[in-house]
Amino acid sequence: MAGAETTAAPGNPLRQESDKRLPRIAGPCSMVIFGVTGDLSRKKLMPAIYDLANRGLLPPGFALVGFARRDYADEDFAKVVLEAVKQHARTPFRQEVWDQLSEGIRFVQGTFEDDAAFSQLAATLKQLDHDRGTGGNHAFYLSIPPNAFPLVLQQLSRTGLAQPPDPGEGRQKPWRRVVIEKPFGHDLKSAQELNALVNRVFPEETVFRIDHYLGKETVQNLLALRFANEMFEPIWSSNFVDHVQITMAEDIGLGGRAGYYDGIGAARDVIQNHLLQLLALTTMEDPVSFQPRQLQIEKIKVLSATKLVEPLDETTARGQYTEGWQGSEKVVGLLQEEGFDPNSRTETYAAITLNVDTRRWAGVPFYLRTGKRLGRRVTEIAVMFKRAPHLPFDQTMTEELGQNALVIRVQPDEGITLRFGSKVPGSSMEVRDVNMDFSYGESFTESSPEAYERLILDMLLGEPSLFPVNEEVELSWRILDPVLEHWHADGKPEPYEAGTWGPASADEMLARTGREWRRP
């Protein structure tokens with residue numbers, strides 16, 4: 001695979017280069033970050049690059065190039081990176097690792113309209129090929145607002161940076177890749193326009209759309225849980241599953257984020273990407289192999305079969321948090337947050353009901369919800385099983401017994417919980433729920449890498465398994481667009497008090513079918 005290097009473990013001839021347990025080490029390359037002075041770069045990207053270097057997964061000659069309007073020399077930018085690393089890196093700071101990494105740090109000053117700055121960027125990368133041995137392999141990370149994409153892409157095309165040079169006969173062709181942060185458009189039409197714009201400059205196989213949730217260890221473990229364990233396969237269908245709840249709840253508000261969030265809302269921000277991707281991984285059939293294209297094929301199949309349940313008045317809900325108590329802290333409502341329009345109709349809570357019309361899942365409702373200022377921070381996939389058709393117990397024996405459930409905890413306490421009924425010790429027959437629990441922190445000594453570590457490394461290796469392709473993005477918008485149009489014509493979101501679990505309409509949405517939301 002272009003840009004990838006792996007070596008067998010020293011002294012162990014049994015572990016060959018094809019052994020997937022060996023660490024995958026990126027080949028010679030550089031990464032250019034546009035928007036390098038922003039929060040994402042400082043809190044996630046720079047620390048992730050250091051952590052990869054600290055784990056020995058970047059080549060010795062790796063180069064990091066920042067592009068921004070600040071008047072930095074290379075040394076000034078290196079100090080910014082160092083500060084970000086010391087504040088936010090997951091792994092311990094080691095001076096020798098930093099010394100090697102810092103030798104490849106460069107900075108180019110300029111704006112996106114500045115032709116001379118992009119010419120300077122091209123010259124800088126060419127010099128890095130000579131000084132650091134990056135071999136013409138360069139990735140461009142667009143950590144910038146979507147409205148700046150056209151200009152940056154045009155400049156990369158104009159300067160020839162998007163097209164790898166001809167290496168000459170008998171030599172490996174260098175690569176060029178582009179990384180795009182969400183949102184991938186704000187509806188289907190804009191997503192199609194964005195995809196067309198990007199693909200005019202970068203071929204689809206060189207485009208990496210970052211959905212950081214797909215880099216989380218627990219999300220990847222969902223594939224292991226499903227396809228490495230035969231015990232779950234017979235019950236993973238409408239024969240045994242009553243419904244599925246996919247939740248991403250946050251306890252924080254939106255203070256200071258008005259510029260990004262107002263007018264976007266919870267559905268566009270989370271459901272269109274994170275939650276629909278979790279749904280696809282939960283419902284997809286087993287792929288022929290774990291090659292990227294095979295995974296993408298199975299996800300596209302289930303997204304193509306995913307439909308909204310109507311009427312939308314009864315099967316969707318949206319809300320906007322008002323003032324209330326978040327734990328022991330009194331917090332303001334969205335409309336009092338700095339920067340928000342007092343008449344804003346932006347939803348901070350969104351819930352929808354979906355069906356997956358395949359043989360495996362027909363008739364099983366999937367409930368997706370997300371919100372700000374909810375009861376606690378949690379992301380989980382809860383597979384709720386049907387009740388036993390016959391219980392040979394008196395009602396009083398099982399009045400504390402709920403539904404069997406398999407809960408995949410994505411964050412913050414990563415792991416899996418299996419809930420089932422067990423007899424209470426004593427002379428009488430009484431059955432109540434108990435939990436069987438697996439926790440990453442208790443079962444493995446090595447801490448899980450941050451999502452951005454995995455995704456940046458995969459991008460440098462040219463491994464696109466965890467990155468949504470064009471078709472997935474557009475199918476997600478096809479699912480969500482009718483909901484957004486319905487809400488747009490439906491007035492303001494329903495208020496809900498901060499610290500609660502959302503608006504009353506969300507509870508009514510499930511109550512109509514005799515179900516209720518989990519309270520994690």
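## Rings, cavities and domains

Phe34, Phe67, Phe112 and Phe118 come together as one aromatic cluster. Keep in mind as you look around that this is a predicted model. Besides that cluster, the tour below visits 3 cavities of 30 Å³ or more and two domains, domain 1 and domain 2.

**Aromatic rings**

- The count of aromatic pairs in this structure comes to 13.
- Phe67 and Phe112 make one stacked pair, with 6.3 Å from centre to centre and 20 degrees between the planes.
- Phe67 belongs to strand β4 (residues 63-68), while Phe112 sits in the loop between β5 (105-109) and α4 (115-131), so this pair ties together parts that are 45 residues apart in sequence.
- Is Phe67 buried or exposed? Phe67 counts as buried because its relative accessibility is 1%, and the cut-off for buried is under 20%.

**Charges over rings**

- Look for Lys86 next: its charged end sits over the ring of Phe93, 5.1 Å from the ring's centre.
- Arg177 does likewise with Trp175, placing its charged end over the ring at 3.8 Å from the centre.

**The largest cavity**

- The largest cavity holds about 60 Å³ of space.
- Its lining is made by Leu214, Val219, Gln220, Leu223, Leu281, Leu295, Lys299, Ser465 and Leu466.
- Which helix gives the largest share of this lining? That is α7, with 3 residues.
- Both α7 (217-227) and α10 (292-304) supply at least two lining residues each.
- Sorted by class, the lining of the largest cavity has 6 nonpolar, 2 polar and 1 charged residues.

**The second largest cavity**

- The volume of the second largest cavity is about 50 Å³.
- You can find this cavity by picking out the residues that line it: Phe184, Asp211, Gln272, Asn273, Gln277, Pro468, Glu472, Val473 and Ser476.
- Helices α9 (265-283) and α14 (470-488) each contribute at least two residues to the lining of the second largest cavity.
- What classes do the lining residues of the second largest cavity fall into? They divide into 3 nonpolar, 4 polar and 2 charged.

**Domains**

- According to the domain assignment, domain 1 covers residues 25-166 + 174-181 of the protein chain, and domain 2 covers 214-449 + 469-512.
- The centres of domain 1 and domain 2, taken over C-alpha atoms, are 35 Å apart.

Key: Residues are numbered from 1 along each chain as its sequence is written. This is a predicted model: local features need pLDDT of at least 70, side-chain atom pairs count only at pLDDT 80 or more; totals for chains, interfaces and linings use all residues. Side-chain values use heavy atoms; hydrogens and water are left out. On a 1 Å grid over the protein atoms alone, a cavity is a set of points where a 1.4 Å probe fits but cannot get out, and a pocket is an open set with protein on both sides within 12 Å along at least five of seven lines; lining residues have an atom within 4 Å of a point. Grid points are joined across faces, edges and corners, and a volume is the space filled by probe spheres set on the points. Helices (H or I, at least four residues) and strands (E, at least two) are DSSP runs, numbered from the N terminus. Ala, Val, Leu, Ile, Met, Phe, Trp, Tyr, Cys and Pro count as nonpolar, Asp, Glu, Lys and Arg as charged, and the others, Gly among them, as polar. Domain bounds come from an automatic or database domain assignment. Rings of Phe, Tyr and Trp (its six-membered ring) pair if their centres lie within 6.5 Å; planes under 30 degrees apart count as stacked, over 60 as edge-to-face and the rest as tilted. Buried means under 20% relative accessible area, exposed over 50%, partly exposed in between (1.4 Å probe, protein chains only). A charge sits over a ring if NZ of Lys or CZ of Arg is within 6 Å of the ring centre and within 35 degrees of the ring normal.
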